[in-house]
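Visitor: I would like to go through this structure and ask how its labels are earned.
Guide: Ask away.

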Amino acid sequence: MNDHERLSAYIDGELTDTERAALENQLDADPELRQELHSLRQTVLLLNQMPELKAPRNFTLTRDMVEQRPVLPFPLTFTFSALSAAAAVVLLAFGGYFLLRTGFTPQAGMPNTAQQPAPAAAFLATGTPTPMQTALPPAEAASRALPTGAADELPAETDAMPPISLAMPGSEQSEAQGGATTLNQEAGAATTPAPELETFSFRESEEAPPAGDRAEFSLEAAADGAADDSAATFAPVPTQVAQIQLEPVGPDEASGIGLTEPAARSIAQSEPLAQASTDADAAGIILLLAGGILLAAAIITTALRRRRLAL
Amino acid sequence: MAVNPHDDEQRLIREAQRGSLAAFNTLVLRYQDRAYTIAYRIMSNEADAADMTQDAFITAYRRLDTYRGGSFRAWLVRIVTNTCYDELRRRKRRPATSLEDMPGAELDDGPPLPDNTPTPEQITQQGELNRAIQNCIEALGDAQRIILILSDIEGLSYQEVAAAAGVKVGTVKSRLSRARVSVRDCLQAFQELLPETYRLNTTDTLD
């Protein structure tokens with residue numbers, strides 16, 4: 001403590017007994033310090049006598065002042081509602097887009113879908129013409145995957161994977177099925193539980209007007225695949241066809257189900273894509289759900305806020 | 001005797017805490033002069049002082065749940081002080097928002113705003129002295145000024161000042177001593193206003 005601090009504390013009686021005794025001794029011996037104490041004490045007295053002012057008006061509060069600008073909890077603010085609504089719109093738009101562009105349909109109508117959620121989802125989700133369409137029986141693939149409208153909607157997707165475009169238009173589905181059947185027979189009894197295998201990637205077909213060639217191509221591929229032992233690989237576990245064919249070796253096995261080498265490669269490479277489409281489908285649903293929740297939140301908070309402010 | 005007003009105050013506080021605006025307004029009327037005075041000493045002008053006083057009472061009402069007994073006055077003083085201090089800091093961060101800081105503002109000042117007690121009979125030596133003191137207080141930095149006001153004008157103890165200003169007692173001591181020295185030096189220029197007994201001059205007494 002410097003002299004001023006000690007003098008200041010002394011004036012306020014805030015020194016300890018020893019400190020005070022020491023300072024008083026010092027004051028006795030030092031007239032300058034005494035004078036310093038005097039001037040500071042006078043200053044404090046001057047400050048002490050400063051009058052209390054009269055308030056220029058009454059500061060009493062009204063309901064308005066305390067209730068109108070209440071600190072609304074953030075969830076009840078307009079900002080929150082607006083942000084929720086905006087986010088809901090975005091989420092709903094994206095979610096809807098994801099599902100619509102892939103021609104999302106309830107899976108209940110599909111045979112085997114219960115056991116093949118992943119491939120089906122993959123198919124539905126991206127609309128990327130991955131070979132995952134194995135999951136569909138030919139007839140259904142034709143009717144379901146090839147609505148003409150859907151075809152129009154999805155030109156870009158089909159461009160995405162040219163090598164796989166060995167599918168056929170719905171009109172030629174019977175032919176394709178015939179090929180598939182052939183494949184089944186050639187591949188042996190083991191494959192029969194999984195007729196879907198052969199319908200592989202028919203969906204692509206709507207994309208490919210000159211489907212006649214491709215149908216043949218597909219049939220050839222089927223024949224190749226039939227020759228390939230690996231076709232049997234899929235038979236025991238038809239429900240997991242997609243994963244199996246994509247994960248292990250790719251080309252060879254894929255060709256077993258009726259694809260030529262490039263197509264098979266592309267299938268193999270499409271595994272991340274397939275995975276992504278599964279994710280994307282789930283994401284689409286999640287986005288819709290989240291959007292719905294946020295929309296509800298926006299509406300509810302708006303209602304609550306109005307009610308709160310109306311009180 | 002002092003028990004009744006205190007009990008009455010505690011009753012009003014409890015009622016206000018339960019949402020009674022009428023009870024709180026009774027407290028407002030009781031303390032508004034003091035609150036306004038502190039705000040004026042800190043803000044140095046009437047308009048700001050009034051705004052801060054109003055804001056402080058609104059804040060006080062909303063934070064009544066943070067009052068947990070003890071001196072209601074000290075609790076209120078803390079809110080007023082903090083309200084003013086926050087405003088001063090806000091202005092320092094965004095100085096452009098203050099009209100007074102704009103060039104040419106002085107030219108528009110014209111006749112000075114009516115002082116706190118501008119009635120004719122109060123335009124006396126006492127009034128001028130108080131204005132001089134106020135000027136010297138205004139010359140202090142914010143932190144020192146607030147400590148000085150709480151301690152020497154409001155008469156709060158070191159502990160109360162420390163609590164109100166949110167600093168340690170040791171900080172109160174050192175800031176207060178520096179502020180007092182500054183004000184004393186500043187007041188040397190107003191010797192003629194000082195009552196005989198308050199003369200600060202230090203040289204005469206030296207033998």
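**Labels and their grounds**

Visitor: Why is B:Ala56 called buried?
Guide: In this predicted model, B:Ala56 has 26 other C-beta atoms within 10 Å. The cut-off for buried is 20 or more. The count of 26 meets it, so B:Ala56 is buried.

Visitor: Where does B:Ala56 lie?
Guide: In helix α3 of chain B, residues 46–62.

Visitor: What is B:Ala56 in contact with, leaving aside its neighbours within four places in sequence?
Guide: B:Ala35, B:Ile79, B:Val80 and B:Thr83. Contact here requires C-beta atoms within 7 Å. B:Leu76 is 20 residues from B:Ala56 in sequence, and their C-alpha atoms are 8.1 Å apart.

Visitor: How do you know that helix α2 of chain B is not straight?
Guide: Set its span against the expected one. A straight helix of 23 residues would span 33 Å, but α2(B), residues 21–43, spans only 27 Å between its end C-alpha atoms. There is also a kink of about 55° in α2(B). B:Tyr31 is at its centre.

Visitor: What follows α2(B)?
Guide: B:Ser44, with a positive phi near 75°.

Visitor: What makes up the side of chain A that touches chain B?
Guide: 31 residues of chain A are in contact with 39 residues of chain B. On the chain A side, the elements giving two or more residues are α1 (3–11), α3 (31–48) and α4 (63–68). α3(A) gives the largest share, 11 residues.

Visitor: How do the residues on that side of chain A divide?
Guide: Into 17 nonpolar, nine polar and five charged.

Terms used. Residues numbered from 1 in each chain as written. Chains lettered and ligands numbered in written order. Predicted model: local features only at pLDDT ≥ 70, side-chain atom pairs only at ≥ 80, totals over all residues. Contact = placed C-beta atoms within 7 Å. Helix = DSSP H or I, 4+ residues; strand = E, 2+ residues; numbered from the N terminus. Nonpolar A, V, L, I, M, F, W, Y, C, P; charged D, E, K, R; others polar. Expected span 1.5 Å × (residues − 1). Bend = angle between axes of the 7 residues up to and from the residue. Buried ≥ 20, exposed ≤ 12 C-beta atoms within 10 Å, placed from the backbone.
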